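Here are my notes for someone opening this structure for the first time. Have the viewer ready and take the points in order.

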Amino acid sequence: MPGYKSIDRIRTVTASTFDRLVLKGEGPIVVEFMSYGCAHCGVIEPDLQQVAEIVESTEKIFRVNIALDRELADLYEVQGTPTLIMFLNGAIVGRDEGQVQMYRTSWLW
């Protein structure tokens with residue numbers, strides 16, 4: 001994210017890498033559907049980076065830029081950003097949308 005000066009621990013996935021990295025990935029995986037123009041995405045970015053650092057050995061956190069990968073956003077019915085979807089061994093097991101809910105997301109941290 002622009003303005004974030006630490007190491008970026010959240011890898012961007014695209015339509016060409018999503019299947020291999022997320023759907024065929026093992027264990028818990030969180031995907032943030034975001035946009036660089038989204039103010040709320042910028043607000044939660046430092047928190048997501050911190051969580052990614054803490055859980056990097058047991059969980060993965062990826063991002064999808066919906067401006068570039070509209071196909072994935074449509075496939076997962078993303079209506080707004082940020083939207084977090086949690087996968088476990090390829091199956092969706094949780095979802096949270098919008099800025100207010102992000103701070104109450106217990107399944108992520």
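1. A term before anything else: two strands count as paired if DSSP finds at least two bridges between them. With that in hand, look at S2 and S3, which pair in the parallel sense over six bridges. Glu 32 stands opposite Arg 63 in S3, and we'll come back to that arginine. Keep in mind throughout that this is a predicted model.

2. Now step back to the whole chain. You'll find four helices and five strands, and from the N terminus on they run β-α-β-α-β-α-β-β-α. Of the 109 residues in the chain, 46% are buried. Among contacts between residues at least 6 apart in sequence, 68% join residues at least 24 apart.

3. How are the five strands ordered in the sheet? The order is S1-S3-S2-S4-S5, in an open sheet with mixed pairing. Strand S1 (11-12) and strand S5 (91-97) each have a single partner strand, so one side of each has no neighbour in the sheet. As background, strands of a sheet pair through backbone hydrogen bonds, either parallel or antiparallel.

4. Start at the S1 edge. S1 pairs with strand S3 (residues 60-65) in the parallel sense over two bridges, and Thr 12 stands opposite Arg 63 there. Against the sheet packs helix H2 (residues 39-55), touching strand S2 (28-34), S3 and strand S4 (83-88). The direction of H2 makes about 150° with that of S3.

5. On the other side of S2, the pairing changes sense. S2 and S4 are antiparallel over six bridges, with Val 31 opposite Ile 85 and Glu 32 opposite Leu 84. S4 and S5 also run antiparallel, joined by six bridges, and Thr 83 stands opposite Glu 97 in S5. These two strands make a hairpin with two residues between them. Have a look at Asn 89 in that turn: its phi is positive, about 50°.

6. Are the strands in the middle of the sheet covered or open? S2 is mostly covered, with six of its seven residues buried. S4 is mostly covered too, with five of its six residues buried. Five of the six residues of S3 are buried, so S3 is largely enclosed by the rest of the structure.

7. Next, the nonpolar interior. The largest nonpolar core has 16 residues, and Phe 18, Val 22, Val 31, Phe 33, Tyr 76 and Phe 87 touch the most other members. Helix H1 (18-23), S2, S3, helix H3 (70-75) and S4 each supply at least two residues of this core. Apart from it lies another core, of 10 residues, among them Leu 48, Val 55, Ile 61 and Leu 84.

8. Phe 18 is a handy place to center your view. Leaving out residues up to four places away in sequence, Phe 18 touches Val 13, Leu 23, Val 31, Phe 33, Val 64, Leu 72, Tyr 76 and Phe 87.

9. Back to Arg 63, in strand S3. Is this arginine buried or exposed? Its relative accessible area is 1%, and since anything under 20% counts as buried, Arg 63 is buried. Its side chain makes a polar contact with the side chain of Asp 8 (3.1 Å). Beyond residues up to four places away in sequence, Arg 63 touches several others, including Ile 10, Glu 32, Tyr 36, Glu 45 and Gln 49.

10. Finally, the cysteines. Cys 38 counts as buried at 10% relative accessibility, and Cys 41 counts as buried at 0%. How many disulfides does a search of the whole structure find? Zero. For anyone who wants the reminder, a disulfide is a covalent bond between the sulfur atoms of two cysteines.

Conventions
Residues are numbered from 1 along each chain as its sequence is written. This is a predicted model: local features need pLDDT of at least 70, side-chain atom pairs count only at pLDDT 80 or more; totals for chains, interfaces and linings use all residues. Side-chain values use heavy atoms; hydrogens and water are left out. Contact means heavy atoms within 4.5 Å. Axes are lines fitted to C-alpha atoms, for helices over the stretch in contact, and angles run from 0 to 180 degrees between N-to-C directions. Buried means under 20% relative accessible area, exposed over 50%, partly exposed in between (1.4 Å probe, protein chains only). A disulfide is a pair of cysteine sulfur atoms within 2.5 Å. A nonpolar core is a set of buried Ala, Val, Leu, Ile, Met, Phe, Trp, Tyr and Cys residues joined through side-chain atoms within 4.5 Å. A polar contact is a pair of N or O atoms within 3.5 Å; within protein, one must be able to donate a hydrogen and the other to accept it, and residues adjacent in sequence count only if both atoms are side-chain atoms.
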